[in-house]
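This report considers the empty spaces, the packing of helices and the unusual backbone features of one protein model. Please keep the sequence and the structure in view while reading.

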Amino acid sequence: MKVAIVGTSNIGALKYAAPRIAQTFPDIEVTFFGLPGGKFDKTRVDGTIFGPDRSDLQLYRLSRRVNGAPQIDLAPFDHILVIGDTFGLPACLFTAIHYDIADWPARNGKPLMSEPAFLSAMDEAIALRTDHLRAQFGALRLHAALAPYPTTGVVPEGPHHQQPYAAMATHPDAARIEEMFHNRLRAALHARDISFVPQPPETVAQPFLTKEPFGIGSQDFRTEGVVLNDHRHMNADFGTSLFTAFAIAIGQAPQI
């Protein structure tokens, strides 16, 4: 079985887990293709050839340097896993922390928004990104995983502090919002013939935050040996866990 793992810098977690993946799933041949987030957004499929447009020479050269080839033919692959889009999650969380939902008991003295209005805003944010993903890959069938939640290391004030995720650590309805977001995202992806691969539960510290050990020793997917430890990119332990969840979803059990 041939699998293509395509996406943003977040593919690094799986790229550096490749030796473990090969040992645990010897019947799966994995190929990686990625670009930094903003650059990845500019890639498109032409027939079955995916990558930057040849007219964008700078991006074309970057893709060649990072991936060994500027483009990838996705036709030979049995499955394509795309990783790294946030699918509108930050916008949804910013809405959640700036409004009290009128239908819910918790109050923080913020402007009120009804639950239907909140869900409508969530659907709109998700649709923008799921439509973009579908446009990037044409009619190809896909599996998609969210960009990993940042680790709990982004919660304290300091150099790694990151909103809106930090605010969700103490949000009284974080679990409710996470369930709503996953349900809406799964439905939106399904409507576009894309299967959702959720972040493995064993990596999640609490809603919208990853356990800190999974961010330690994360590396730059563009240059092997460059350690990030930025609490946004995950390490090979995370990559192994996510790939295992994906493999099980496509009917492939670990062999050791």
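A cavity is a set of grid points where a 1.4 Å probe fits but cannot get out, whereas a pocket is an open set. By this rule, one cavity of 30 Å³ or more is counted. The model discussed here is a predicted one.

## Empty space in the model

Rolling a probe the size of a water molecule over the atoms shows where empty space is left. The three spaces described in this report are set out below.

| Space | Volume | Nonpolar lining residues | Polar lining residues | Charged lining residues |
|---|---|---|---|---|
| Largest cavity | about 50 Å³ | eight | one | no charged residues |
| Largest pocket | about 410 Å³ | 14 | 10 | four |
| Second largest pocket | about 160 Å³ | three | two | five |

The largest cavity is enclosed by residues from several parts of the sequence: A145, L146, A147, P148, V197, P198, Q199, F238 and L242 line this space. In its lining, eight residues are nonpolar, one is polar and none is charged.

The largest pocket has a volume of about 410 Å³. Its lining comprises 28 residues, of which N10, G84, D85, T86 and A147 are the closest to the centre of the pocket. Two or more lining residues come from each of α3 (37-40), β6 (79-83), α5 (89-98) and α6. Helix α6 makes the greatest contribution, with three residues. A147 also belongs to the lining of the largest cavity.

Which residues line the second largest pocket? They are K42, R44, D46, I49, F50, G51, P52, D53, R54 and Q71. Strands β3 (44-46) and β4 (49-51) each provide at least two of these residues, and β4 gives the most, with three. By class, this lining divides into three nonpolar, two polar and five charged residues.

## Packing of the helices

Two packed helices are described by the angle between their axes and the distance between the axes. Helix α6 takes part in both of the pairs that follow.

The first pair consists of α6 (residues 115-137) and α8 (residues 174-191), whose axes come within 10 Å and cross at roughly 45°. Why are α6 and α8 described as oblique to each other? Angles under 35 degrees count as roughly parallel and those from 65 to 115 as roughly perpendicular; the angle of roughly 45° lies between these ranges, and α6 and α8 are therefore oblique. Their crossing is right-handed. On the α6 side, the contact involves E115, F118, L119, M122, D123, I126 and T130; on the α8 side, it involves R176, I177, M180, F181, R184, L185, A188 and L189. This contact has 10 nonpolar, one polar and four charged residues.

The second pair is α5 and α6, with axes that come within 9 Å and cross at roughly 160°. This angle makes α5 roughly antiparallel to α6, because angles over 145 degrees are placed in that class. The crossing of α5 and α6 is right-handed. Here A91, C92, T95 and A96 of α5 meet F118, M122 and A125 of α6. Six of the residues in this contact are nonpolar and one is polar, while no charged residue takes part. F118 and M122 of α6 thus appear in the contact with α8 and in the contact with α5.

## Unusual backbone features

Most residues other than glycine have a negative phi, and most peptide bonds are trans. Two places in the model should be read with this in mind.

Is the peptide bond from Q163 to P164 cis or trans? This bond is cis, with omega near 5°. P164 is found in the loop between β9 (142-145) and α7 (165-168).

N229 is a residue other than glycine with a positive phi, near 45°. N229 is located in the loop between β12 (209-210) and α9 (236-249).

Notes. Residues are numbered from 1 along each chain as its sequence is written. This is a predicted model: local features need pLDDT of at least 70, side-chain atom pairs count only at pLDDT 80 or more; totals for chains, interfaces and linings use all residues. Side-chain values use heavy atoms; hydrogens and water are left out. Axes are lines fitted to C-alpha atoms, for helices over the stretch in contact, and angles run from 0 to 180 degrees between N-to-C directions. Helices (H or I, at least four residues) and strands (E, at least two) are DSSP runs, numbered from the N terminus. A crossing is left-handed if the near helix is turned anticlockwise from the far one by less than a right angle, and right-handed if clockwise. Contact means heavy atoms within 4.5 Å. Ala, Val, Leu, Ile, Met, Phe, Trp, Tyr, Cys and Pro count as nonpolar, Asp, Glu, Lys and Arg as charged, and the others, Gly among them, as polar. On a 1 Å grid over the protein atoms alone, a cavity is a set of points where a 1.4 Å probe fits but cannot get out, and a pocket is an open set with protein on both sides within 12 Å along at least five of seven lines; lining residues have an atom within 4 Å of a point. Grid points are joined across faces, edges and corners, and a volume is the space filled by probe spheres set on the points.
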